[in-house]
Amino acid sequence: MSQNLVELAKLVRYNILTSTTAAGTGHPTSSLSATDLMTSLFFNGYFKTDLDDAKNPENDRLIFSKGHASPLLYALYAVAGKISQKELLTLRKFDSVLEGHPTMEFAYTEAATGSLGQGLGVGVGLALNSKMEAKNGKREYKTFVLMGDSEVAEGSVWESMQVASHYKLNNLVAIIDVNRLGQRGETMEGWDTDNYKAKCEAFGCETWVVEGNDIEAVNKVFDEVLASTTDKPRL
Ligand SMILES: Cc1ncc(C[n+]2csc(CCOP(=O)(O)OP(=O)(O)O)c2C)c(N)n1
Ligand SMILES: [Mg+2]
């Protein structure tokens, strides 16, 4: 099973590199950084969505809060068969729905992102909605939010996190892609995942730290995250 995922991740990487190369711009490194994490999420059964009905209210939600990694988002949907190779190469061209940051022009965009620090707040709103809809008999969908490690320097991330734990949003799964780097060098915390963990726990989250480029390890963590029965947001 993991071998198939490893092969799919190669295809995702190929799509990222061909699309950003054709565009002559974009953020290939930020996209490659989260490829294994997102390949596991997408193709090992964790992210439950109806690909033929992108606006189905019972779909799980995925917010690319680090919106500059949009080539990864598009690469995933290309591997899922929803974007052709020809269309993928229109990345960042005028009239293409595959914009440099995800916008609502692209059918599977959950929230237009790019201004860092906002995706988790949107995710909190969606997770609250899911809790309320579940009371009306609807499926309690999950909301996944992908953030960058430099992004979490934004105070709004922590405001959102404390609201998420106040409302016991255990249907919210936030991911920090710790690749040590922000736009112009090392982040304040570098590789210090212990520190991220301690801070996120202090804000009321249940946390996991995983080597994000080991698909098998990532699968194991998503298994645990989705099996957890605590009332805390997952991070
Ligand atoms: C609010 C805001 N400030 C600045 C930027 C410019 N910017 C784009 S990418 C980036 C660095 C992001 O680093 P990180 O969050 O670690 O993501 P990575 O690319 O490493 O995955 C910055 C500062 C932005 N998009 N939004
Ligand atoms: Mg980073």
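Accessible areas here come from the Shrake-Rupley method with a 1.4 Å probe. On that basis, the protein has an accessible surface of about 11,100 Å². Carbon and sulfur atoms hold 52% of that surface. Keep in mind that this is a predicted model.

**Stop 1: the whole chain**

Show the protein as a cartoon. You should find 9 helices and 5 strands. Trace them from the N terminus: the order is α-α-α-β-α-α-α-β-α-β-β-β-α-α. The radius of gyration is 17 Å, and the globule rule gives 18 Å for 235 residues, so the protein is as compact as a globular protein of that length.

Now switch to the C-alpha trace. Along its principal axes it spans about 45 × 45 × 35 Å.

**Stop 2: inside and outside**

Colour by accessibility. Of the 235 residues, 46% count as buried. Then turn to contacts between residues at least 6 apart in sequence. Of these, 71% join residues at least 24 apart.

Next, colour by charge. There are 23 positive and 31 negative charges. How far apart are the mean positions of the positive and negative charges? They are 2 Å apart.

**Stop 3: the magnesium ion**

Select ligand 2, the magnesium ion, and show the residues that hold its protein donors. Which residues are they? They are D149, through OD, N179, through OD1, and L181, through O. These donors lie 2.0 to 2.1 Å from the ion. In sequence, the spacing of the donor residues reads D-x29-N-x1-L.

Now find where two of these residues sit. D149 is in the loop between strand 2 (143-148) and helix 7 (155-166). N179 is in the loop between strand 3 (172-177) and strand 4 (181-182). The pair therefore ties together parts that are 30 residues apart in sequence.

Stay on D149. Is this residue buried or exposed? Its relative accessibility is 4%, and buried means under 20%, so D149 counts as buried.

**Stop 4: V145 in strand 2**

Step back along the chain to V145, which is found in strand 2. V145 is buried, with a relative accessible area of 0%.

Show its surroundings, leaving out residues up to four places away in sequence. V145 then touches I63, S65, G119, L120, G123, L172, V173, A174 and I175.

Finally, draw a C-alpha to C-alpha distance from V145 to L235. The two are 90 residues apart in sequence. In space, the distance is 9.4 Å.

Conventions:
Residues are numbered from 1 along each chain as its sequence is written. Chains are lettered from A and ligands numbered from 1 in the order in which they are written. This is a predicted model: local features need pLDDT of at least 70, side-chain atom pairs count only at pLDDT 80 or more; totals for chains, interfaces and linings use all residues. Side-chain values use heavy atoms; hydrogens and water are left out. Helices (H or I, at least four residues) and strands (E, at least two) are DSSP runs, numbered from the N terminus. The radius of gyration is taken over C-alpha atoms; the globule rule is 2.2 Å times the number of residues to the power 0.38. Buried means under 20% relative accessible area, exposed over 50%, partly exposed in between (1.4 Å probe, protein chains only). Contact means heavy atoms within 4.5 Å. Lys and Arg count as positive and Asp and Glu as negative; His and the chain ends are not counted. The place of a charge is taken as NZ of Lys, CZ of Arg, CG of Asp or CD of Glu. Donors are N, O and S atoms within 2.8 Å of the metal (3.2 Å for Na, K and Ca); water is not among the atoms, so sites may look incomplete.
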